[in-house]
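Please study the sequence and the three-dimensional structure shown below before attempting the exercises. Each task is followed by a worked solution.

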Amino acid sequence: MLDYADYDQVRQDILDRTLDAVRTLPPLVNARYTLSVVEPRYEKKVFTKADEKSALLKNGTLAHRLMGSWVVKDTLTGKEVARTNPMTLMHVPHLTSLGTFVHGGVELAVAKQFRLRSGVYVRKTEDGQTEAHINAAPRGGSSFRVFMDPDNAVFYLKHGGNKVPLFPVLRALGYDQDKLKTAWGDDIYRANEQQVNKPHAINWLQRFQTASPPEPAAVERAAPETGAEKEAFDFNAADVRNNLIDHFSRVKLDPSVTKQTLGTGYESVTPDTLVDSTKRILRVARNEDDPDDRDSLEYQTVQDRKSVV
């Protein structure tokens, strides 16, 4: 485990992670050429306390020069076409012996802060709703919420700017209806079943009627409700189901959190994750379970210099 007070260790971790990121940078490819970075390395430089003082007094910046060469290859043959001399790719900020950065003669500090771990958290909101907050991991898809309207016991998916009934989404995902009826009970199942052909749900699902999965931003811009019932939607369409599964699987979760809050360690969002979230919503709404305390330290991670540089 990284000791955040060991600035030499943190500095080396920043440099190593940056170098690894450049080494694994995917190439840019078109029909003719492939462009990639080769032989990335740091220009050797050891900063002393005298260098730190000088940078502060002379409006200087302390950074490590990351160098490498750009190589162009023929995409079809793999033959090298051109290569640059070693050149500067970026300047990686230097962490000083005091745990600060120096840029333009100004000493900057990064405060430690808590970040909510990825997972599913169920709580009661101030307006009386009970919701599950699906908190995605950094760079692991978009977070969203599932909640139940207390007036009619209908579950909704709040995804981006859309409020979509959950039942038609689960049906399009191919979730077993008998299992769903068992999870919710007959009355709640019937209340949600009435939402199956709601126009705004069909509009949102139709975004997945493509040969390839839609980009997350495109899904969040789903068309508004028209106010008229749509013609029959094919909930068994393979492309819709596969694209939905792919879309939700991009949302990465911490299995140790979901094991505690849902009873199963999910690494990403699946149809079972959504249904287990609704079952937990029902238990919390009925006061059979306590809501999750998202501010508890067990659900937090510490973000420091290495997390933001």
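The exercises below concern one helix and a set of paired strands in a predicted model.

**Exercise 1.** Determine whether the distance between the end C-alpha atoms of helix H8 agrees with its expected span.

*Solution.*
Step 1. Helix H8 covers residues 238-249, which makes twelve residues.
Step 2. The expected span is 1.5 Å times one less than the number of residues, so H8 should span 16 Å.
Step 3. The end C-alpha atoms of H8 are 16 Å apart, in agreement with the expectation.

**Exercise 2.** Which residues of H8 are buried, and how are they arranged around the axis of the helix?

*Solution.*
Step 1. A residue counts as buried if its relative accessible area is under 20%.
Step 2. In H8, the buried residues are Val240, Asn243, Leu244, His247 and Phe248.
Step 3. Viewed down the axis of H8, these buried residues fall within an arc of 130°, so they line one face of the helix.

**Exercise 3.** Describe the two sides of strand S10 and its pairing with strands S9 and S11.

*Solution.*
Step 1. In S10 (residues 130-135), six of six residues are buried.
Step 2. Thr130, Ala132 and Ile134 point one way from S10, whereas Glu131, His133 and Asn135 point the other way.
Step 3. S10 pairs with S9 (residues 119-124) in the antiparallel sense over six bridges, and five bridges join S10 to S11 (residues 144-149), also antiparallel.
Step 4. Ala132 of S10 stands opposite Val122 and opposite Val146 in S11.
Step 5. S9 and S10 form a hairpin with five residues between them, and Gly128 in the turn has a positive phi of about 95°.

Technical notes
Residues are numbered from 1 along each chain as its sequence is written. This is a predicted model: local features need pLDDT of at least 70, side-chain atom pairs count only at pLDDT 80 or more; totals for chains, interfaces and linings use all residues. Side-chain values use heavy atoms; hydrogens and water are left out. Helices (H or I, at least four residues) and strands (E, at least two) are DSSP runs, numbered from the N terminus. Buried means under 20% relative accessible area, exposed over 50%, partly exposed in between (1.4 Å probe, protein chains only). The arc is that of the directions from the helix axis to the C-beta atoms. Two strands pair if DSSP finds at least two bridges between them.
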